[in-house]
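Please open the structure in your viewer and keep the sequence panel visible. The tour below proceeds by selection, one stop at a time.

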Amino acid sequence: MGVLLFIFFIQIAYVTVSTLRLIMMMKGNAKLASIISFGEVFIYMLGLATVLENMDSWYNLVIYCFGFALGVYTGSLIEERLAMGYVTVQVITRKEDSDMPQQLRNFGFGVTSWLGEGLSGERLVLMVLTKRKRQKELVSRVKEIDPHAFVVSSEPKTFVGGFWLGRTQ
């Protein structure tokens with residue numbers, strides 16, 4: 001039973017650490033990703049060696065796989081809580097005379113807006129850059145102002161100046 005629990009928890013730890021390393025790489029933090037990768041490989045080798053030593057029991061392999069799956073879930077929860085980085089949120093609303101840009105600015109969001117042409121006429125287009133930790137708040141505020149607004153977000157790799165210039169990021 002001890003071997004099964006060890007295999008299970010070592011896999012959870014391995015995949016969780018692997019997820020964190022991947023996040024750090026994608027966010028451009030190569031030094032931290034390198035440090036994390038050392039621990040990742042160490043944990044992986046412990047788990048793999050234990051499974052290979054105990055291949056006489058098929059359920060060791062099943063527990064290994066189940067731990068991997070739970071590690072993916074755990075890693076995604078941690079990534080969501082960290083919410084590192086920024087998102088660009090584009091909002092398209094039917095309300096051409098909307099005060100949505102000013103309302104969002106009042107909540108501390110930087111907003112650039114312009115008029116666009118949609119299938120059935122003019123639309124107000126807003127571009128908002130915000131920290132990922134505030135993305136849900138932003139979408140919620142947009143939906144309060146206009147429940148029919150179209151909202152799409154993406155993660156920018158690089159940005160310079162603008163609303164963020166001179167602010168504590």
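A residue is called buried when its relative accessible area is under 20%, exposed when it is over 50%, and partly exposed in between. The structure shown is a predicted model.

**First stop: L22**

Select L22, which lies in helix α1. Is this residue buried, exposed or partly exposed? Its relative accessible area is 41%, so L22 is partly exposed. Now add G118 to the selection, 96 residues away along the chain. The C-alpha atoms of L22 and G118 are separated by 38 Å.

**Second stop: the pair α1 and α2**

Two packed helices are described by the angle between their axes and the distance between the axes. Display α1 (2–26) and α2 (30–53) together. Their axes come within 8 Å and cross at roughly 155°. An angle over 145 degrees counts as roughly antiparallel, and α1 is therefore roughly antiparallel to α2. The crossing of α1 past α2 is left-handed. To view the contact, show side chains on both helices: the α1 residues include V3, F6, I7, I10 and Y14, while those of α2 include L32, I36, I43, Y44 and V51. Small residues also take part, among them A13 of α1 and G47 of α2.**Third stop: helix α3**

Move to helix α3, residues 58–82. What distance separates its end C-alpha atoms? They are 36 Å apart, which agrees with the span of 36 Å expected for 25 residues at 1.5 Å a residue. Select N60, Y64, G67, G71 and G75: these are the buried residues of α3. The elements that cover them include α1 and α2, the helices of the previous stop. Then step to A83, which follows α3 and has a positive phi, near 40°.

**Fourth stop: the sheet**

Strands of a sheet pair through backbone hydrogen bonds, either parallel or antiparallel. Display the four strands that form an open sheet here, in the order β2-β3-β1-β4. Their pairing is antiparallel. Which strands stand at the edges? They are β2 (110–118) and β4 (150–154), each of which pairs on one side only. From one strand to the next, the twist averages 20°.

Finish by selecting β2 with strand β3, residues 121–131. These two strands are joined in the antiparallel sense over nine bridges. Within this pair, centre the view on G110, which stands opposite L129 in β3.

Key: Residues numbered from 1 in each chain as written. Predicted model: local features only at pLDDT ≥ 70, side-chain atom pairs only at ≥ 80, totals over all residues. Heavy atoms only, no water. Expected span 1.5 Å × (residues − 1). Buried < 20%, exposed > 50% of the residue type's maximum accessible area, 1.4 Å probe, protein only. Contact = heavy atoms within 4.5 Å. Pairing = 2+ DSSP bridges. Axes fitted to C-alpha atoms, helices over the stretch in contact; angles between N-to-C directions. Parallel < 35°, antiparallel > 145°, perpendicular 65-115°, else oblique. Left-handed = near helix turned anticlockwise from the far one by under 90°.
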